[in-house]
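User: Please take a close look at a single part of this model, and then place it beside some other parts of the chain. I would like each term given with its cut-offs.

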Amino acid sequence: MTEEILIYNTPCTEEIFKQIQHYEFKRIWKKNLAKNNKNLFAGTIILLFAIIFFITEDYGFAGLFGGYVIATYIYCFSYYSQYKKHKKNIQELIAREISNIKINSKDVIWEFNSTHFCFKNYKSEYKFIWQEITYCILDDKYLYITASSFMHFILDKANIDESNLNKTIAYLEKKSQFKEV
């Protein structure tokens, strides 16, 4: 008995691309920004200790805590600056990619067969054997496929009919491994 080959197209529109890219950016930076905010809060608490030690004329501890606070604030503001820079870069990347999508408005082709997973869009084609593939479902909205731990393919569940979605998930469950991101 031969195994079914699953091939289908999903539209590649400006709206879908923007939504997926913004979601991915927020997902990646959310935890890091929360940690940065905690460090900023801790730095503020330690600043209060530094002030108390300074008032009580214990300049050694005041200097120690003050130095820690300065280092923490520099780190936090540097990190926030990086976030802003990456946010601007992702906006530019999205704008560039959207103009390319408008010029080359081809559907994305997804292929699942017994030996490999294939993804093809207007600019490239990727094939990966199943041993390199992991997947997970994010926020019960996106199917997140990782290949070779460096390539990520995101399928919006709203962008595919129920039958193909169920077949895709069944294929991934059978051929690859589930891994949280």
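**A hairpin and its surroundings**

Analyst: Strands S6 and S7 form a hairpin with 3 residues between them, and in the turn Ser-148 has a positive phi of about 55°. This is a predicted model, in which local features need pLDDT of at least 70 and side-chain atom pairs count only at pLDDT 80 or more, while totals for chains, interfaces and linings use all residues. Residues are numbered from 1 along each chain as its sequence is written, and side-chain values use heavy atoms, with hydrogens and water left out.

Strands here are DSSP runs of E with at least two residues, helices are runs of H or I with at least four, and both are numbered from the N terminus. S6 covers residues 142-147 and pairs with S7 in the antiparallel sense over 6 bridges, where pairing requires that DSSP finds at least two bridges between two strands. Within this pairing, Leu-143 has Leu-155 of S7 as its bridge partner. S7 spans residues 151-156 and is mostly covered, with 5 of its 6 residues buried; buried means under 20% relative accessible area, exposed over 50%, and partly exposed in between, with a 1.4 Å probe and protein chains only.

On the other side of S6, the loop between strand S5 (133-138) and S6 holds Asp-140, which has a positive phi of about 50° although it is not a glycine. Asp-140 is exposed because its relative accessible area is 60%.

A similar question of backbone and exposure can be put to Glu-57, which lies in the loop between H1 and helix H2 (59-103). Glu-57, although not a glycine, has a positive phi of about 60°, and its relative accessible area of 57% is why it is classed as exposed.

Helix H1 (residues 14-55) includes Ile-51, which is partly exposed because its relative accessible area is 41%. Ile-51 is one of the residues making a nonpolar surface patch of about 770 Å², among them also Phe-41, Leu-48 and Ile-55.

For the wider setting, the protein chain is divided into domain 1 (6-11 + 106-178) and domain 2 (14-104), with bounds that come from an automatic or database domain assignment. The contact between them takes 12 residues from domain 1 and 10 residues from domain 2, contact meaning heavy atoms within 4.5 Å. The C-alpha centres of domain 1 and domain 2 lie 33 Å apart.

Notes. Patches are made of residues with over 30% relative accessible area and no salt bridge: like charges are joined within 9 Å, nonpolar side chains (Val, Leu, Ile, Met, Phe, Trp, Tyr) within 5 Å. Accessible areas come from the Shrake-Rupley method with a 1.4 Å probe; for residues, only the protein chains shown count as cover. A salt bridge is a side-chain nitrogen of Lys or Arg within 4 Å of a carboxyl oxygen of Asp or Glu.
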